[in-house]
2 protein chains.
Amino acid sequence: MLNLTHVRAFLAVVEEGSFHGAADQLGVSQSTVSHGLKRLEDMLASDLVIRHRDGCVPSHKGEIFLPFARSLVALSERAVARLQSDRIRIGASSNVGIYLLQPHLRRLADTAGVQPDLVIAANPAIATKLENREIDMAFLEWWDGRPGFEARRWITDRLLIIVAPDHPWARRNEIDLEMLLQQPLLAGEKGTGTGTILKEALGTAASRLLVSRNLGSTEAVKRAVAAGMGVSIVMEGAVRDEIASGRLYSVSVAGLRLEKTLWCVVPHDLITVSPTLETMRHLLEPQALSS
Amino acid sequence: MLNLTHVRAFLAVVEEGSFHGAADQLGVSQSTVSHGLKRLEDMLASDLVIRHRDGCVPSHKGEIFLPFARSLVALSERAVARLQSDRIRIGASSNVGIYLLQPHLRRLADTAGVQPDLVIAANPAIATKLENREIDMAFLEWWDGRPGFEARRWITDRLLIIVAPDHPWARRNEIDLEMLLQQPLLAGEKGTGTGTILKEALGTAASRLLVSRNLGSTEAVKRAVAAGMGVSIVMEGAVRDEIASGRLYSVSVAGLRLEKTLWCVVPHDLITVSPTLETMRHLLEPQALSS
DNA sequence: ACACGTTACGGCAACCGTAAGGATT
DNA sequence: AATCCTTACGGTTGCCGTAACGTGT
């Protein structure tokens with residue numbers, strides 16, 4: 001079996017580029033690092049670092065081993081951390097975590113007294129964290145149905161076409177599809193499935209959509225649209241306040257209804273763990289929110 | 001730092017349900033298992049298994065730790081295995097691995113003398129294996145653009161509508177969309193993106209598609225179609241032989257061209273490792289195949 | 001009495017730090 | 001000579017197996 005202390009020494013040597021630096025980083029003597037690395041190399045029957053006069057670099061095999069080493073150390077640290085704090089950790093894609101999930105978490109705290117940690121990142125990154133058990137459950141805009149997980153429908157939110165108050169469309173309730181196709185669209189975060197929904201809804205016409213640029217986040221998109229830089233399509237929950245206050249206007253396309261189903265995903269091996277199950281049960285409750 | 005030998009002992013106890021069984025499984029004495037588990041529990045400051053009269057079960061914290069333990073042991077074993085064999089490991093979704101990749105692997109063996117291991121599984125499962133570094137690169141029908149990976153277009157294959165030789169459509173070159181919409185479709189493996197492509201291409205009409213049943217694999221779909229159980233849509237490469245021999249016929253829908261782009265995906269931290277890079281370079285070569 | 005896990009004890013290997021030794025520039 | 005890694009040596013710790021010891025049935 002590998003010794004994780006030695007693996008850690010290997011990582012430190014690669015990061016620091018020297019045995020001395022690695023020893024300092026780890027707070028051990030330099031010979032300990034040398035020893036540990038040698039043990040590891042013996043165990044693996046492979047030279048892992050090339051000792052050079054001025055600095056060390058991973059060898060060929062070292063480069064192959066490097067990602068494993070990182071994952072092993074990170075995983076073990078996550079494991080102990082996860083056991084120390086018994087807080088549930090919930091992941092959510094940016095839009096969901098920032099705009100949609102908050103009132104539900106509030107309700108969870110009020111009714112069940114549970115206050116989970118919330119991890120917000122891009123949709124695919126959250127899927128990765130779920131796979132690594134960095135989080136216990138995820139609320140996502142898009143899920144690929146990979147095995148080992150249970151995905152349940154959470155809520156369905158409408159997608160709105162938003163424009164600035166001084167945009168010509170702001171005075172209309174409805175536009176037709178052709179107008180939308182001729183207007184450059186500002187895109188937000190990638191990998192959230194909005195593009196797929198548009199393609200499904202528009203069919204062949206989707207290829208004529210003009211995506212002028214990617215802004216990376218919904219908040220940036222909202223500011224850009226408000227500043228008159230174009231129009232965009234976002235989840236209703238993300239612009240409720242702006243529309244209520246008149247900072248943004250929404251318009252519909254005749255005969256087009258866009259909506260996105262959001263998912264709650266839990267690994268199968270955590271679904272039996274009672275606090276996870278309990279939390280999921282609370283958050284999935286169809287009970288209406290006061291907001 | 002965690003001791004992987006102890007983690008392994010924990011896993012064995014949980015699997016076997018007893019310390020004795022675990023000791024047998026691991027080929028050590030029973031007290032060693034007891035000791036190791038105690039060390040682990042001390043390290044984690046958590047009781048991991050509940051010692052019962054007739055068998056042991058993981059405690060609450062044990063259940064939380066369990067997936068970490070499995071991942072740690074599996075990852076460490078993969079790491080040593082990966083260093084022992086210097087064979088590249090290529091993953092591919094079923095269709096790609098079975099039908100499309102083979103001639104390219106042949107060419108790779110002939111020109112570069114490289115014979116990689118091939119791992120075939122469902123598309124999302126391959127994505128997971130890639131994330132875990134179980135494979136070095138993947139050829140996929142669908143990729144979600146998650147961070148940390150480089151995805152390059154590999155080839156584009158047409159999607160064909162296939163029917164049995166005695167099907168009424170077999171005598172026609174072309175049908176119209178309405179006919180397709182009224183015909184039940186046999187679906188193959190899930191998560192391969194074919195559904196998404198159909199939705200994009202057909203737009204709102206996609207909702208009228210009749211998917212009669214899921215058969216799980218393309219090979220099953222081909223047999224079912226040949227037996228007259230319905231029609232289906234598959235990648236051209238998967239039915240080239242059957243069409244050439246007349247066991248299946250393909251028809252087109254007027255004005256509809258369906259195709260699927262396949263991807264070659266490599267983790268960023270492996271792309272610099274020379275044999276991986278070399279292999280990818282060879283397989284991505286646009287050079288025409290003799291077949 | 002039996003089955004099972006725990007604890008005590010001794011041997012052995014692993015680990016660590018100090019310090020001396022080599023190699024390269 | 002200076003720098004960096006390796007190796008030798010001794011003390012300490014951790015790990016393992018044998019065997020004795022609780023504890024429930």
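Let us start at one residue: Ser94(A) lies in helix H5 of chain A, a helix that covers residues 94–100. Is Ser94(A) buried or exposed? With a relative accessible area of 15%, Ser94(A) is buried, because buried means under 20%. Setting aside residues up to four places away in sequence, Ser94(A) touches Tyr99(A), Ile120(A), Ala121(A), Ala122(A) and Glu189(A). Please keep in mind throughout that this is a predicted model.

**How the two chains are arranged**

Now step back to the pair of chains. Chain B can be superposed on chain A by a rotation of 180 degrees with 0.0 Å of shift along the axis, and the RMSD is 0.2 Å. The two copies are therefore related as by a two-fold rotation axis. Which residue of chain B has the C-alpha nearest the axis? That residue is Gly203(B), with its C-alpha 1.5 Å from the axis. Both copies use the same surface, since 100% of the contact residues of chain B recur in chain A.

**The nonpolar core**

In soluble globular proteins, nonpolar side chains tend to be buried together. Here, the largest nonpolar core has 143 residues. Those with the most contacts inside this core are Phe10(A), Phe65(A) and Phe139(A), along with Phe10(B), Phe65(B) and Phe139(B).

Phe65(A) is a good residue to look at in the viewer. Apart from residues up to four places away in sequence, Phe65(A) touches Leu2(A), Val7(A), Phe10(A), Leu40(A), Leu44(A) and Leu48(A), and also Ala79(B) and Leu83(B).

Leu83(A) can be followed in a similar way. Leu83(A) sits in helix H4 of chain A and counts as buried at 2% relative accessibility. Leaving aside neighbours within four places in sequence, Leu83(A) is in contact with these residues of chain B: Leu44(B), Ser46(B), Leu48(B), Lys61(B), Ile64(B) and Phe65(B). From Leu83(A) to Trp169(A), the C-alpha to C-alpha distance is 54 Å, with their positions 86 residues apart in sequence numbering.

Another buried residue is Ala9(A), which has a relative accessible area of 5%. Ala9(A) belongs to helix H1 of chain A, residues 4–16. Ala9(A) and Ala23(A) are 14 residues apart in sequence, and their C-alpha atoms are 8.1 Å apart.

**A pocket lined by both chains**

The second largest pocket has a volume of about 810 Å³. Which residues lie closest to its centre? Of the 30 lining residues, they are Arg78(A), Glu131(A), Asn132(A), Glu131(B) and Asn132(B). At least two lining residues come from each of these helices: H4 (60–84) and H7 (123–131) of chain A, and H4 (60–84) and H6 (123–131) of chain B. By type, the lining divides into 11 nonpolar, nine polar and 10 charged residues.

**Two residues with positive phi**

Most residues other than glycine have a negative phi. The table shows two residues of chain A with a positive value.

| Residue | Phi | Place in chain A | Relative accessible area |
|---|---|---|---|
| Ala45(A) | about 50 degrees | loop between helix H3 (30–44) and strand S1 (49–52) | 60%, exposed |
| Arg133(A) | near 60 degrees | loop between H7 and strand S5 (137–140) | 12%, buried |

Both residues are found in loops, but Ala45(A) is exposed, whereas Arg133(A) is buried.

Notes. Residues numbered from 1 in each chain as written. Chains lettered and ligands numbered in written order. Predicted model: local features only at pLDDT ≥ 70, side-chain atom pairs only at ≥ 80, totals over all residues. Heavy atoms only, no water. Least-squares fit on C-alpha atoms with pLDDT ≥ 70 in both. Contact = heavy atoms within 4.5 Å. 1 Å grid on protein atoms, 1.4 Å probe; cavity = no way out; pocket = protein on both sides within 12 Å on 5 of 7 lines; lining within 4 Å. Points joined across faces, edges and corners; volume = space filled by probe spheres on them. Helix = DSSP H or I, 4+ residues; strand = E, 2+ residues; numbered from the N terminus. Nonpolar A, V, L, I, M, F, W, Y, C, P; charged D, E, K, R; others polar. Core = buried A, V, L, I, M, F, W, Y, C linked by side-chain atoms within 4.5 Å. Buried < 20%, exposed > 50% of the residue type's maximum accessible area, 1.4 Å probe, protein only.
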